[in-house]
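Me: I am new to this structure. Please take a close look at one part, one helix and what surrounds that helix, and tell me how the part sits in the whole chain.

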Amino acid sequence: MARPGGRRLGRAIYLIAAGIALLLLVGRWHPMPSTIWLVASPVGRSAVQASFAAGWIVLLVSTFELDALEFSGLRSSATPPLRVVGLHRHVRHPTYVGWFLVLWAAPTMTVGRAFLAAALTIYVLAAIRFEERDLLRIHGAEYERYRRDVPMLLPRFRRTTRTS
(Lines give C-alpha, C1' and ligand atoms only; values in the text may rest on other atoms or scores of the structure.)
Protein backbone atom coordinates (compact mmCIF):
# COMPACT_ATOMS: atom_id res chain seq x y z
CA MET A 1 0.00 0.00 0.00
CA ALA A 2 3.00 2.34 0.36
CA ARG A 3 3.71 2.07 -3.36
CA PRO A 4 2.24 4.57 -5.84
CA GLY A 5 -0.61 2.21 -6.69
CA GLY A 6 -1.97 2.61 -3.16
CA ARG A 7 -4.74 5.13 -2.64
CA ARG A 8 -4.61 7.99 -0.15
CA LEU A 9 -6.51 6.12 2.55
CA GLY A 10 -4.51 2.96 1.88
CA ARG A 11 -1.22 4.82 2.30
CA ALA A 12 -2.38 6.48 5.52
CA ILE A 13 -3.52 3.10 6.88
CA TYR A 14 -0.21 1.56 5.86
CA LEU A 15 1.78 4.27 7.65
CA ILE A 16 -0.33 3.93 10.80
CA ALA A 17 -0.03 0.14 10.74
CA ALA A 18 3.73 0.35 10.16
CA GLY A 19 4.04 2.80 13.07
CA ILE A 20 2.07 0.50 15.35
CA ALA A 21 4.16 -2.49 14.27
CA LEU A 22 7.34 -0.55 15.00
CA LEU A 23 6.01 0.48 18.42
CA LEU A 24 5.16 -3.14 19.19
CA LEU A 25 8.61 -4.23 18.01
CA VAL A 26 10.32 -1.68 20.23
CA GLY A 27 7.93 -2.30 23.12
CA ARG A 28 8.36 -6.07 23.04
CA TRP A 29 12.09 -5.94 22.38
CA HIS A 30 14.25 -7.96 24.72
CA PRO A 31 17.66 -6.42 25.30
CA MET A 32 20.76 -8.06 23.93
CA PRO A 33 23.17 -6.01 26.01
CA SER A 34 26.54 -7.33 24.83
CA THR A 35 28.52 -4.35 23.62
CA ILE A 36 29.93 -4.24 20.10
CA TRP A 37 31.50 -0.82 20.49
CA LEU A 38 31.70 1.86 23.11
CA VAL A 39 32.92 5.36 22.40
CA ALA A 40 34.37 6.37 25.75
CA SER A 41 36.00 9.72 25.08
CA PRO A 42 33.80 12.78 25.67
CA VAL A 43 34.80 14.27 22.31
CA GLY A 44 34.02 11.02 20.50
CA ARG A 45 30.67 10.62 22.29
CA SER A 46 29.77 14.21 21.41
CA ALA A 47 30.66 13.61 17.75
CA VAL A 48 28.52 10.47 17.61
CA GLN A 49 25.61 12.22 19.34
CA ALA A 50 25.95 15.14 16.91
CA SER A 51 25.75 12.63 14.03
CA PHE A 52 22.59 11.17 15.58
CA ALA A 53 21.04 14.66 15.86
CA ALA A 54 22.14 15.46 12.29
CA GLY A 55 20.36 12.31 11.14
CA TRP A 56 17.06 13.51 12.61
CA ILE A 57 17.55 16.95 11.07
CA VAL A 58 18.32 15.49 7.63
CA LEU A 59 15.34 13.16 7.90
CA LEU A 60 12.90 15.95 8.82
CA VAL A 61 14.27 18.54 6.40
CA SER A 62 14.24 16.11 3.46
CA THR A 63 10.67 15.05 4.24
CA PHE A 64 9.40 18.62 4.37
CA GLU A 65 11.40 19.69 1.30
CA LEU A 66 9.13 17.58 -0.84
CA ASP A 67 5.65 17.27 0.63
CA ALA A 68 5.13 15.82 4.09
CA LEU A 69 1.36 15.69 3.63
CA GLU A 70 1.65 13.65 0.45
CA PHE A 71 4.32 11.44 2.05
CA SER A 72 1.98 10.70 4.97
CA GLY A 73 -0.95 9.96 2.68
CA LEU A 74 -2.96 12.98 3.80
CA ARG A 75 -2.76 14.62 0.37
CA SER A 76 -2.58 12.87 -2.96
CA SER A 77 -1.80 13.92 -6.50
CA ALA A 78 -2.22 11.78 -9.58
CA THR A 79 1.39 12.08 -10.74
CA PRO A 80 3.55 14.18 -8.47
CA PRO A 81 6.19 16.18 -10.30
CA LEU A 82 9.85 15.26 -9.89
CA ARG A 83 11.12 17.90 -7.49
CA VAL A 84 14.86 18.22 -7.02
CA VAL A 85 15.26 20.68 -4.17
CA GLY A 86 17.54 21.18 -1.18
CA LEU A 87 19.19 18.00 0.04
CA HIS A 88 17.80 16.10 -2.98
CA ARG A 89 20.30 18.02 -5.14
CA HIS A 90 23.14 16.20 -3.37
CA VAL A 91 21.72 12.70 -2.84
CA ARG A 92 18.62 11.05 -4.29
CA HIS A 93 17.48 9.64 -0.95
CA PRO A 94 18.37 12.05 1.86
CA THR A 95 15.54 10.77 4.07
CA TYR A 96 17.17 7.34 4.08
CA VAL A 97 20.57 8.90 4.77
CA GLY A 98 18.99 10.51 7.84
CA TRP A 99 17.57 7.15 8.94
CA PHE A 100 20.96 5.48 8.56
CA LEU A 101 22.58 8.15 10.75
CA VAL A 102 19.86 7.72 13.38
CA LEU A 103 20.23 3.93 13.30
CA TRP A 104 24.01 3.68 13.40
CA ALA A 105 25.20 6.77 15.29
CA ALA A 106 25.35 5.30 18.78
CA PRO A 107 28.14 5.90 21.28
CA THR A 108 27.32 2.46 22.71
CA MET A 109 26.34 -0.14 20.13
CA THR A 110 24.85 -3.28 21.64
CA VAL A 111 24.14 -6.50 19.80
CA GLY A 112 20.41 -5.76 20.01
CA ARG A 113 20.71 -2.28 18.54
CA ALA A 114 23.10 -3.52 15.84
CA PHE A 115 20.67 -6.31 14.93
CA LEU A 116 17.79 -3.83 14.64
CA ALA A 117 19.93 -1.31 12.71
CA ALA A 118 21.14 -4.00 10.31
CA ALA A 119 17.63 -5.36 9.69
CA LEU A 120 16.21 -1.88 9.05
CA THR A 121 19.18 -1.00 6.82
CA ILE A 122 18.57 -4.08 4.68
CA TYR A 123 14.86 -3.22 4.52
CA VAL A 124 15.58 0.36 3.41
CA LEU A 125 18.14 -0.70 0.81
CA ALA A 126 15.58 -3.12 -0.65
CA ALA A 127 12.90 -0.40 -0.58
CA ILE A 128 15.18 1.96 -2.51
CA ARG A 129 15.33 -0.52 -5.39
CA PHE A 130 11.52 -0.67 -5.64
CA GLU A 131 11.18 3.09 -5.25
CA GLU A 132 13.75 3.81 -7.97
CA ARG A 133 12.03 1.39 -10.34
CA ASP A 134 8.70 3.18 -9.74
CA LEU A 135 10.27 6.62 -10.18
CA LEU A 136 11.81 5.52 -13.49
CA ARG A 137 8.43 4.24 -14.65
CA ILE A 138 6.68 7.46 -13.61
CA HIS A 139 9.25 10.08 -14.66
CA GLY A 140 11.19 8.26 -17.38
CA ALA A 141 14.16 10.07 -18.91
CA GLU A 142 13.90 12.93 -16.41
CA TYR A 143 14.52 10.56 -13.50
CA GLU A 144 17.18 8.68 -15.45
CA ARG A 145 19.13 11.97 -15.86
CA TYR A 146 18.66 12.73 -12.16
CA ARG A 147 19.83 9.23 -11.28
CA ARG A 148 22.90 9.64 -13.48
CA ASP A 149 23.79 13.07 -12.06
CA VAL A 150 22.98 12.65 -8.35
CA PRO A 151 24.38 9.84 -6.20
CA MET A 152 21.99 7.56 -4.32
CA LEU A 153 23.15 7.95 -0.71
CA LEU A 154 26.64 9.45 -0.44
CA PRO A 155 27.22 12.94 -1.85
CA ARG A 156 30.12 13.51 -4.20
CA PHE A 157 32.62 16.04 -3.05
CA ARG A 158 34.17 17.50 -6.17
CA ARG A 159 37.05 19.87 -6.17
CA THR A 160 36.28 23.07 -7.95
CA THR A 161 39.04 24.81 -9.81
CA ARG A 162 39.23 28.54 -9.62
CA THR A 163 40.36 30.66 -12.46
CA SER A 164 42.00 33.88 -11.40
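Reply: Start with a term: accessible area comes from the Shrake-Rupley method with a 1.4 Å probe. The model is a predicted one. On that footing, the protein chain exposes about 11300 Å². Carbon and sulfur atoms supply 67% of that area. Of the 164 residues, 27% count as buried.

Now the layout. The protein chain has six helices and two strands. From the N terminus, the order is α-β-α-α-α-β-α-α. Take the contacts with a separation of 6 or more: residues 24 or more positions apart account for 71% of them.

The part to look at is α4, residues 94–104. α4 is mostly covered. Eight of its 11 residues are buried. Buried here means under 20% relative accessible area. The buried residues of α4 are Pro94, Thr95, Tyr96, Val97, Gly98, Phe100, Val102 and Leu103. What covers them? The cover includes α2, β2 (108–110) and α5.

Next, the core. The largest nonpolar core has 10 residues. They are Val91, Tyr96, Val97, Phe100, Leu103, Ala117, Val124, Ile128, Met152 and Leu153. Two elements, α4 and α5 (111–139), give two or more residues each to this core. The largest share, four residues, comes from α4. There is a general trend to set beside this: in soluble globular proteins, nonpolar side chains tend to be buried together.

One core member far along the chain deserves a stop: Met152. Set aside its neighbours within four places in sequence. Met152 is then in contact with Val91, Arg92, His93, Ile128, Arg129 and Glu132. Of these contacts, Val91 and Ile128 are also listed in the core.

Back to α4, on its partly exposed side. Trp99 has 33% relative accessibility, so Trp99 counts as partly exposed. To see what Trp99 joins, go to the aromatic pairs. The structure holds three of them. In one, the ring centres of Phe52 and Trp56 are 6.5 Å apart and the planes stand at 80°, so this pair is edge-to-face. Phe52 and Trp56 both lie in helix α2, residues 42–66. They are four residues apart there, so about one helical turn separates them. Why does that spacing matter for direction? An α-helix has 3.6 residues a turn, so residues three or four places apart point the same way. Phe52 is partly exposed, at 32%. Trp56 is partly exposed too, at 34%.

Trp56 also pairs with Trp99. That pair is edge-to-face, with 5.5 Å from centre to centre and 65° between the planes. Trp56 lies in α2 and Trp99 in α4, so the pair ties together parts that are 43 residues apart in sequence. Phe52, Trp56 and Trp99 form one aromatic cluster.

Last, the end of α4 and the surface. Trp104 belongs to a nonpolar patch on the surface. The other members are Met32, Ile36, Trp37, Val111 and Phe115. Together they have about 540 Å² of accessible area. β1 (35–38) and α5 each supply at least two residues of the patch. Ile36 lies in strand β1. Ile36 is partly exposed, with a relative accessible area of 48%.

So how does α4 sit in the chain? α4 is mostly covered. α4 gives the largest share of the largest nonpolar core. Through Trp99, α4 pairs with Trp56 of α2.

How values were computed:
Residues numbered from 1 in each chain as written. Predicted model: local features only at pLDDT ≥ 70, side-chain atom pairs only at ≥ 80, totals over all residues. Heavy atoms only, no water. Core = buried A, V, L, I, M, F, W, Y, C linked by side-chain atoms within 4.5 Å. Buried < 20%, exposed > 50% of the residue type's maximum accessible area, 1.4 Å probe, protein only. Contact = heavy atoms within 4.5 Å. Patch = residues over 30% accessible without salt bridge, like charges linked within 9 Å, V, L, I, M, F, W, Y side chains within 5 Å. Salt bridge = Lys/Arg side-chain N within 4 Å of Asp/Glu carboxyl O. Phe/Tyr/Trp six-rings, centres within 6.5 Å; stacked < 30°, edge-to-face > 60°.
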